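Please look through the structure shown here, following the chain and its bound ligand as the paragraphs below take up one region after another.

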Amino acid sequence: MDDRLQQAVEQLRSEGVRMTPQRYAILEYLMKSKRHPTADEIYRALSPHYSSLSVATVYNNLKLFIEAGLVRELTYGDDSSRFDADLSDHYHAICEKCGAIVDFEHPPIHEVEREAEARTGFRIHGHRLEVYGICPACASMQA
Ligand code: ZN
Ligand code: MN
């Protein structure tokens, strides 16, 4: 079991959250996935292995993981939310054709926050940035 998963399981246990096989599977799937899955995608990937799994169970667990600070909910556009268990500082490139979300790293743009503070008087504690375009797979289909 990888360290991050182990740590997350221990954190949940210390908060009194019981670790069921389904809960573990959902958490593991999220931590292994690079694709920022929707709740439905998680359900479809795991339901063949867990016959009693329901979409509602997936949603309830996602909510629990978000409240525990283990998962981020991504709400881009009007499509259903996607979920990211990678909490490191990173940004997302979003394909306008297929909806793929790909991670990229860039030093956090702190001067934007300082500028916003200076101009608005707000105490700024974060920012959100994503870039939009066409992914390589969709671009090659267009060519
Ligand atoms: Zn695409
Ligand atoms: Mn990400």
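Just after helix H4, glycine 69 adopts a positive phi of about 75°, and this residue, in what is a predicted model, offers a way into the helix that precedes it. Helix H4 covers residues 55-67, and its 13 residues reach 18 Å from the first C-alpha to the last, close to the 18 Å expected at 1.5 Å a residue. Within H4, Val58, Asn61, Leu62 and Phe65 are buried; seen down the helix axis, the buried residues fall within an arc of 105°, so they line one face of the helix. That buried set packs against helix H1 (3-14), helix H2 (21-32), helix H3 (39-46) and strand E2, whereas the face of H4 turned away from the buried side carries the exposed residues Asn60, Lys63 and Glu67.

Strand E2 (82-84) also leads to the next region, since serine 88 is found in the loop between E2 and strand E3 (91-95). Serine 88 counts as partly exposed because its relative accessibility is 36%, and its side chain is joined to that of aspartate 86 by a polar contact of 2.7 Å.

The zinc ion (ligand 1) has as its protein donors the SG atoms of Cys95, Cys98, Cys135 and Cys138, lying 2.3 Å from it, and these donors follow the spacing C-x2-C-x36-C-x2-C along the chain. The four donor atoms subtend angles of 104 to 114° around the zinc ion, which makes the arrangement tetrahedral. Of two of these cysteines, cysteine 95 counts as buried because its relative accessibility is 5%, while cysteine 98, at 45%, counts as partly exposed.

How values were computed
Residues are numbered from 1 along each chain as its sequence is written. Chains are lettered from A and ligands numbered from 1 in the order in which they are written. This is a predicted model: local features need pLDDT of at least 70, side-chain atom pairs count only at pLDDT 80 or more; totals for chains, interfaces and linings use all residues. Side-chain values use heavy atoms; hydrogens and water are left out. Donors are N, O and S atoms within 2.8 Å of the metal (3.2 Å for Na, K and Ca); water is not among the atoms, so sites may look incomplete. Four donors count as tetrahedral if all angles lie between 85 and 135 degrees; four count as square planar and six as octahedral if opposite donors are over 155 degrees apart and all others between 65 and 115; anything else is irregular. Buried means under 20% relative accessible area, exposed over 50%, partly exposed in between (1.4 Å probe, protein chains only). Helices (H or I, at least four residues) and strands (E, at least two) are DSSP runs, numbered from the N terminus. A polar contact is a pair of N or O atoms within 3.5 Å; within protein, one must be able to donate a hydrogen and the other to accept it, and residues adjacent in sequence count only if both atoms are side-chain atoms. The expected span of a helix is 1.5 Å times one less than its number of residues. The arc is that of the directions from the helix axis to the C-beta atoms. Contact means heavy atoms within 4.5 Å.
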